[in-house]
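The following report concerns a single protein chain and is addressed to a reader who has the sequence and coordinates at hand. Please consult the display below alongside the text.

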Amino acid sequence: MDKYLSYKSFLVFKKKNKVKKNITAIVTGGVGRIGSVFTAQLLTNGNKVICLSRNKKNYTNYKKSLPSSLRKNLYWYEVNFNSPEKLLEIIEKIKKKFKKIDVLVNNVSDGKRGEFLEYNVSSLNKEFWGTFGSTMLLTEKILPMMRKNKFGKIINVGSIWGIQAPKFKTYLNLNNGPSPIISTSKGAITQYTKHLASREAEFNITINLLIPGFFPRKGRVENKKYIKSINSNIPIGRIGKLKDLINAVDFLLSRDNSYFTGQSIIVDGGYTIW
């Protein structure tokens with residue numbers, strides 16, 4: 001065994017492992033808050049990104065914001081994640097157009113907010129497929145392409161509510177806490193990540209989880225008392241900024257972290273340590 005990593009060995013490794021291009025990636029919700037961090041990182045490194053999302057307007061606005069040199073590598077498919085049949089149709093289109101998929105980022109989430117939601121069969125089914133069901137279906141259909149190439153990276157985007165219970169007092173009287181389905185589905189994604197990491201290791205496929213804490217939403221300015229309530233529960237004392245995710249995303253996407261699998265990176269300002 002090496003006593004230490006010599007500087008010469010370090011330089012040889014860095015030279016051989018410069019950022020590799022020609023990766024083809026799928027990012028669900030790729031022009032949303034969290035998804036846009038993955039999309040930007042992949043495009044900047046010279047890779048192709050297939051964005052799956054519901055809203056063409058959001059995609060068009062995001063694409064316009066890109067330098068012209070990057071736009072040619074961004075593709076978009078409109079997907080109804082609540083419908084497994086529609087999702088399967090899009091998956092088949094992707095398989096016909098692209099020879100390989102190297103990276104899959106499962107970022108989609110579709111859940112209601114509220115502490116005491118009343119569910120029926122329809123709403124329960126819709127919310128399940130919009131979060132966990134579609135993630136598992138897409139992953140299982142893309143995995144054979146990765147196995148064939150003996151390489152792949154899957155990054156699932158989880159939630160702090162998938163690893164601990166919400167503090168509903170944090171939400172004051174706004175009734176905008178996470179739903180039972182969101183918490184349960186994100187918990188399922190956490191376990192699914194570990195299951196896949198064990199099952200797919202022989203194919204040189206790594207599967208990891210990014211767990212963001214509180215991050216700002218687009219739209220109107222949030223209630224100041226609500227923001228203060230959140231901040232008081234975060235050791236660093238503030239909600240996250242999207243740029244706080246860049247380094248974690250960079251690491252997860254890097255081809256050099258081949259020994260990192262089945263793990264979670266939590267970027268929450270310390271929220272989950274209390």
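The report treats salt bridges, aromatic pairs, selected residues of two helices and a surface patch in turn.

## Basis of the description

The structure is a predicted model. Its residues are numbered from 1 along the chain as the sequence is written.

## Salt bridges

The structure contains six salt bridges. Side chains that carry opposite charge can pair when their charged atoms come close. Three of the bridges are described here, beginning with the table.

| Basic residue | Acidic residue | N to O distance |
|---|---|---|
| Lys100 | Asp102 | 2.5 Å |
| Arg199 | Glu140 | 3.0 Å |
| Arg147 | Glu200 | 2.9 Å |

In the bridge between Asp102 and Lys100, the N to O distance is 2.5 Å. Asp102 has a relative accessibility of 6% and therefore counts as buried, the limit for that class being under 20%. Lys100 is partly exposed, its relative accessible area being 28%.

The side chains of Arg199 and Glu140 form a salt bridge with an N to O distance of 3.0 Å. This pair links distant parts of the chain, since Arg199 belongs to helix α7 and Glu140 to helix α6 (residues 121-149), with their positions 59 residues apart in sequence. Arg199 is partly exposed at 31% relative accessibility, and Glu140 is likewise partly exposed, with a relative accessible area of 26%.

A salt bridge also joins the side chains of Arg147 and Glu200, at 2.9 Å from N to O. Because Arg147 lies in helix α6 and Glu200 in helix α7, the pair ties together parts that are 53 residues apart in sequence. What is the accessibility class of each partner, buried or partly exposed? Arg147 is partly exposed, with a relative accessible area of 24%, whereas Glu200 is buried, with a relative accessible area of 1%. Through salt bridges that share partners, Glu140, Arg147, Arg199 and Glu200 are joined into one network.

## Aromatic pairs

A search of the whole structure yields eleven aromatic pairs. One of them is formed by Phe128 and Trp129, whose ring centres are 5.7 Å apart and whose planes stand at 80°, so the pair is edge-to-face. Phe128 is partly exposed, with a relative accessible area of 33%.

Another pair consists of Trp161 and Phe214; the ring centres are 5.9 Å apart and the planes lie at 75°, so this pair is edge-to-face. The two rings link distant parts of the chain: Trp161 is in the loop between β5 (152-157) and α7, while Phe214 is in the loop between β6 (205-212) and α8 (224-231), and the residues are 53 apart in sequence. Trp161 is buried at a relative accessible area of 8%, and Phe214 is buried at 13%.

Ring pairs also link Phe128, Trp129, Phe132 and Tyr192 into a cluster.

## Selected residues of helices α6 and α7

Thr135 is located in helix α6 and is buried, with a relative accessible area of 2%. When neighbours within four places in sequence are left aside, Thr135 is in contact with Asn106, Val108, Asn156 and Ile189.

Gly133 also lies in helix α6. With a relative accessibility of 6%, Gly133 counts as buried. The C-alpha atom of Gly133 is separated by 17 Å from that of Glu78, a residue 55 places away along the chain.

Thr193 is found in helix α7 (residues 180-200) and counts as buried at 1% relative accessibility. Which backbone atom does the side chain of Thr193 reach? The side chain of Thr193 reaches the backbone oxygen of Ile189, at a distance of 2.8 Å. Apart from residues up to four places away in sequence, Thr193 touches Asn156, Ile207, Asn208, Leu209 and Gly262. Asn156 thus appears among the contacts of Thr135 and among those of Thr193.

## Surface patch

Leu5, Tyr7, Phe10 and Leu11 make a nonpolar surface patch of about 440 Å². Among these residues, Phe10 lies in helix α1 (residues 7-16). Phe10 counts as partly exposed because its relative accessibility is 36%.

Methods. This is a predicted model: local features need pLDDT of at least 70, side-chain atom pairs count only at pLDDT 80 or more; totals for chains, interfaces and linings use all residues. Side-chain values use heavy atoms; hydrogens and water are left out. Patches are made of residues with over 30% relative accessible area and no salt bridge: like charges are joined within 9 Å, nonpolar side chains (Val, Leu, Ile, Met, Phe, Trp, Tyr) within 5 Å. Accessible areas come from the Shrake-Rupley method with a 1.4 Å probe; for residues, only the protein chains shown count as cover. A salt bridge is a side-chain nitrogen of Lys or Arg within 4 Å of a carboxyl oxygen of Asp or Glu. Helices (H or I, at least four residues) and strands (E, at least two) are DSSP runs, numbered from the N terminus. Buried means under 20% relative accessible area, exposed over 50%, partly exposed in between (1.4 Å probe, protein chains only). A polar contact is a pair of N or O atoms within 3.5 Å; within protein, one must be able to donate a hydrogen and the other to accept it, and residues adjacent in sequence count only if both atoms are side-chain atoms. Contact means heavy atoms within 4.5 Å. Rings of Phe, Tyr and Trp (its six-membered ring) pair if their centres lie within 6.5 Å; planes under 30 degrees apart count as stacked, over 60 as edge-to-face and the rest as tilted.
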